[in-house]
Protein chains: 2
Amino acid sequence: MHRSLALLGCLTLAACACPERAPLCPSTEVPTPHPTATSGPPLAAGLGDTDEGMWLLNEFPTERLERLHGFAPTQAWLDHVRDSSIRLAGGCSGSLVSSHGLVMTNHHCAEKCIQQLSTKQKDLTEAGFYAASAADELRCPDMEVNQLTGIEDVTDRMKAALAGASEQEFATRRKAAVASLEQACTTSDAVRCDVVDLYRGGKYHLYKYRRFQDVRLVFAPEVAIAFFGGDPDNFMFPRFDLDVSFLRIYDGGAPLASSRHFGWSAAGAAEGELTFVAGHPGSTERSLTVSQLANRRDVRLPERLLWWSEERGLLTEWSQRGEDQRRLARSLLFKRENAIKAYKGRLAALHDSAFFARKVDEERALRARVAADPALAASVGGAWDAIESAQTARRRLHRHYELVEEGEGLESTLFSIARALVRGPEELGKPNAERLHEFGDANLPALKQSLFSSAPVSAELESLTLGASLVHLREVLGPDDALVKKLLGADEPRELARRLVAGTKLADPKVRQALWDGGKAALDASKDPFIELARRIDGEARAYRRRFEQEVDGVETRNGELVAKARFLAFGTAQYPDATFTLRLSYGVVRGWSDEGRDVAPFTTLGGAFERATGKEPFALPQRWLDARSKLALDTPFDFVTTNDIIGGNSGSPVFNAKSEIVGLVFDGNIHSLGGAFGFDDQKNRAVAVHSRALVEALAKIYGAARLVEELGK
Amino acid sequence: MHRSLALLGCLTLAACACPERAPLCPSTEVPTPHPTATSGPPLAAGLGDTDEGMWLLNEFPTERLERLHGFAPTQAWLDHVRDSSIRLAGGCSGSLVSSHGLVMTNHHCAEKCIQQLSTKQKDLTEAGFYAASAADELRCPDMEVNQLTGIEDVTDRMKAALAGASEQEFATRRKAAVASLEQACTTSDAVRCDVVDLYRGGKYHLYKYRRFQDVRLVFAPEVAIAFFGGDPDNFMFPRFDLDVSFLRIYDGGAPLASSRHFGWSAAGAAEGELTFVAGHPGSTERSLTVSQLANRRDVRLPERLLWWSEERGLLTEWSQRGEDQRRLARSLLFKRENAIKAYKGRLAALHDSAFFARKVDEERALRARVAADPALAASVGGAWDAIESAQTARRRLHRHYELVEEGEGLESTLFSIARALVRGPEELGKPNAERLHEFGDANLPALKQSLFSSAPVSAELESLTLGASLVHLREVLGPDDALVKKLLGADEPRELARRLVAGTKLADPKVRQALWDGGKAALDASKDPFIELARRIDGEARAYRRRFEQEVDGVETRNGELVAKARFLAFGTAQYPDATFTLRLSYGVVRGWSDEGRDVAPFTTLGGAFERATGKEPFALPQRWLDARSKLALDTPFDFVTTNDIIGGNSGSPVFNAKSEIVGLVFDGNIHSLGGAFGFDDQKNRAVAVHSRALVEALAKIYGAARLVEELGK
């Protein structure tokens, strides 16, 4: 669904918009209209003369940048950046780096594809991959990338559609208005349109993209160097990671002609240099109200963390069974570990009592300002209390909703497939505006790509994760819950999962296609156990979703608009909205930081990786690196940090200079950046990137990737 | 160590004082002097006319009980209760129920012993056990039980020893004073003496016990009925559990002659009846300051929960490998799941903003009272701020301390053994008062019982848990931490764990005995890899412990005494101290409760178990039960609830009537009781017990345990 994006921490998380392996997890598709993905300006107090800000390209603070850093980008410069930037629909960013559709992103952003293309015989994640010729490039089974072509302000039309809506009607009318705008914009399957809610309903923009689903793998290093240091070093610095992959967009069976693309800097990033990052930060929550933050702190973050930690344990131990399990579980395990670390950072920020007190004070000040203006108080004064009430409703409803209806709940690709198949005939029979969002005309191409993906489904892993999530569901809702009884009957959850997986035919895309094409009659006749399961609980699942959307989402959004209004009146509009997995531009400089008296230098070198290596995972360098050592310029900068304001979803973003030449590749943030979900601290928050010179040095001297180096113009 | 008791939630946790399998986990031995196991009276506001209170037997509120329930126990009655009550040193309670040393406790309190006595061929946990003759009773490898023989007030002597101690000296002088008092009292290995810190240093009592280490298993049902409903039903009600076991204390090779013991009620508990629970509640934190509670809420509880959840996942998945693994992991997995649920309940209580606000208000009121009295303000006014500063020190030190020095850290029986062996010569060479507490003369019998226990050690499980805890340690402290480097070198943690376990001979108790007897020379010469590891980190581990004891424990205790003083002055002494794993008596009545409008009846019946059974774990009844169904009086009360104030450590406590006849057996609390760590709510908190009639009905008709029924006098 559209909801998961905001729920995920994923600073380096590949499928950050979609926390599940489930190919249908519709969260990949429509991050837009969810209120938690919406935004408001930070309070004026928060901005200062820092590099804070994930700026809209059509509302870029040119004067502010000139004042702070002496550079004023032109509209042409901004357009060039926009056209050269790429969004990976699964939750990452990328950049066009040649005129033939070559896209640079992170290894971990392509990891799902790399794993899907791997086999028992050939594990590309372990071994790496390089297509020496165009013919060797391998198509990713279900990757989608988007290229932004235009932004239209549709605020007035949305406001008109919502005018006078009651609390009851609000969510429904809003969904219908979004669907209608998106449908009108979507002229073909090659176009993707998203209505984006900015400043928490303060503004609505319609983003129009070219949609590409033929994306091929060109190059990936070994995971051992892409993720050198593994989980222990994740979100840390100094780092020594070559977290890169190259993909190519195909259009009509041929490489995309991309006349606009980033250049490549020979020198790469230098200390103190002005740097830009263009990318798709997934979600920040810098403008949430205090009651919403308290819910994050006391309910949502702890509950997620506990379940993910348990799953991490399960997957870790399962991975120890053998090479096959290790390969199959790797992607999900990485996601969990990454998300755990990211969420721990967020929780720590909310547990920082000084930070939280500041949020409380800021809200109190804003409310006092509203209260002092009788007209304003009458129109928006009740918003905070209404949002607080919605937190009570959230506590009551969120477990059923998340465990049964959201991607977070039943962790099973096959169940997600079954549910999409079961819902298809009913949804497609409705007018577009009334459908579940993922079945809207604008979103069907993405849904179908997932549904008919040729990516293999591991029966063993499915049994494991579905069984575990059924046990979890029973634990959270209790064995006497009506929905739990309907799901489990008298079954033991793990036994049930094994039986479902053993009995289904849905692993075969042809079977799915036949059921989809057969419509309601085919579905009703199906005795597939997953179809039966999805059918059995569909009524309840939909009911919980409806209630959650009305009683929680709807109330938060409606009143969030009022809070946004108060903020606009108080602080003006020279601000940036919370992140929404749409294109943003941030500026910063290459600069280290100081940590409890210890200065952290901004650069590492290739030589440093050899010093840190122990030969044991996750500190073992690939054999190719050991073999190439004597050929390498060991003083080449490897990774570096900048003050750019980024967050999960920015993975794979280019770092470029004022000449829009690539000087690096964002792949992480430092540990302090994790609290960036709620606020930016320019003293400590840092983006972590691979240096452009390390990329070329490794491609040329370690991987012999001559074709690629040449294409980069080096 | 003495610390873990307070750290564990364990309402139904067998080894609640000792969260580890480690037989040496010294926490089983000396729960006393830890400041977090200390106590203060709840604020007057909290008590009211409810059944709240875990009362000292030598300060029992006879008049209050008479006023509330019309019964005034005599001193003889109280003495009889004291003599008939038993403490299981591992963290449970029990009762003498015959004149031949027969002890009734929970199944889960004997589960470790039951597992230790099981083999691949005969799993007593699954199958149950009944000794049809005295000769069939099986000795538990390392169980200790204690019978309280006297309590002496040593407050004056402790205060004299601590008079004028600086912050620096405080922890050391206090430890020495405790050791000295305990040593003087301990006239033989058959005597155990613990100085107990009550009311957070407000009072010190010396508890003197008979110590028994020859304890034999007489009866245990199948785990399927002892823990029917498993983790999903844990802490829930209605329940259908026969959570009982019978043990026998042997003294000089023969059953203990126990002239004093509880009688047995033919009718058992009735609705509205006055009930007593005598037992050993492990730890409550009802009198912590707000800064201490905030540390629990924001740091300690979340960190523990996350790690335990991860471990739970590991153990769950490992258990799926086969029957053997399932048997080996069961005990630890149960402990984790139980503790996770208990800690979640505690965390929920602290996240209840109304509850926390009440704590804040109470503290503010007390501090205002202190501030209003200049003399009092001068002597105790700074205590709260000092305790708050200690929380900062705690945050800085707790991870190293807990992960390396405490039982919570390196989860390995073999490592615990190695550490005790390595430390033995050095510690025993010091004067008693200067030793680490677990090496004090008063504690050596317990240490040695663990050290030379014949209980088997599973190499496979050791590798799993040690490997996982090394990974965890590296994650928490970071790969660049000096201690982590010293522990791991260039090794991969799981590989290291496997190598250590494969290379050690410490699984053999004879090898341990030889090393212990050989003293320093034998230890220094040992090349055993576990000995080498323990030796390598011993200096750092001791240093972290020393710093933690001085900078955190010492400061909290010293200032806690001042807070206690303020409380005594404000509220008087007609209160009860926080739980300290010492004998307490609580009173209550058999009564259901109301939950969101739903009335929960106080009783279930045997017939209800057959209705709830699905045939699948954890809702599968044992075959013996299915076979016996037609013989049973299905309307026999099975489990029931009372308003008695209990907490972890009370597992196995008898429920008895005013005639001191057994009417039930405590085995759990309801979900609301979990917040009981911080405060008692008589509307909702309930103890959960097995009914005495169900016990007899099952013993007689299902298990044919004629010898046992006869001994109970039924």
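User: In this predicted model, what covers the buried residues of α24(A)?

Analyst: Let's start with the helix itself, which spans residues 692-701 of chain A. Seven of its ten residues are buried, so α24(A) is largely enclosed by the rest of the structure. The buried ones are Ser692(A), Arg693(A), Ala694(A), Leu695(A), Glu697(A), Ala698(A) and Leu699(A). The cover over them includes β13 (263-264), α22 (606-612), β19 (637-642), β21 (661-669), β22 (687-691) and α25 (706-711) of chain A.

User: Moving on to the two chains, which element gives the most to the side of chain B that touches chain A?

Analyst: There are 28 residues of chain B in contact with 28 residues of chain A. On the chain B side, the elements giving two or more residues are α9 (230-233), α10 (290-319) and α17 (459-477). With 13 residues, the top contributor is α10(B).

User: By class, how many residues on the side of chain B that touches chain A are nonpolar, polar and charged?

Analyst: Here we're sorting the chain B residues that meet chain A, where 28 residues of chain B are in contact with 28 of chain A. The split is eight nonpolar, seven polar and 13 charged.

User: At what angle do α10(A) and α10(B) pack?

Analyst: The crossing of these two helices is right-handed. Both sides bring residues to the contact, including Pro302(A), Leu306(A) and Trp318(A) from α10(A) and Pro302(B), Leu306(B) and Trp318(B) from α10(B). By class, the residues of this contact come out as ten nonpolar, six polar and eight charged. The axes lie 7 Å apart, and the packing angle is about 35 degrees.

User: What relation do chains A and B have?

Analyst: Chain B can be laid on chain A by a turn of 180 degrees and a shift of 0.0 Å along the axis, with an RMSD of 0.0 Å. In addition, 100% of the interface residues of chain B are also interface residues in chain A, so the copies meet through the same surface. The turn and shift give the relation of a two-fold axis.

User: Which residues have the most contacts inside the largest nonpolar core?

Analyst: That core has 362 residues. To get a feel for one of them, take Leu217(B): leaving aside its neighbours within four places in sequence, its contacts include Ala110(B), Cys113(B), Phe129(B), Glu137(B) and Leu247(B). As background, nonpolar side chains tend to be buried together in soluble globular proteins. Inside the core, the residues with the most contacts are Leu217(A), Ala418(A), Leu217(B) and Ala418(B).

Notes: Residues numbered from 1 in each chain as written. Chains lettered and ligands numbered in written order. Predicted model: local features only at pLDDT ≥ 70, side-chain atom pairs only at ≥ 80, totals over all residues. Contact = placed C-beta atoms within 7 Å. Helix = DSSP H or I, 4+ residues; strand = E, 2+ residues; numbered from the N terminus. Nonpolar A, V, L, I, M, F, W, Y, C, P; charged D, E, K, R; others polar. Core = buried A, V, L, I, M, F, W, Y, C linked by C-beta atoms within 7 Å. Buried ≥ 20, exposed ≤ 12 C-beta atoms within 10 Å, placed from the backbone. Least-squares fit on C-alpha atoms with pLDDT ≥ 70 in both. Axes fitted to C-alpha atoms, helices over the stretch in contact; angles between N-to-C directions. Left-handed = near helix turned anticlockwise from the far one by under 90°.
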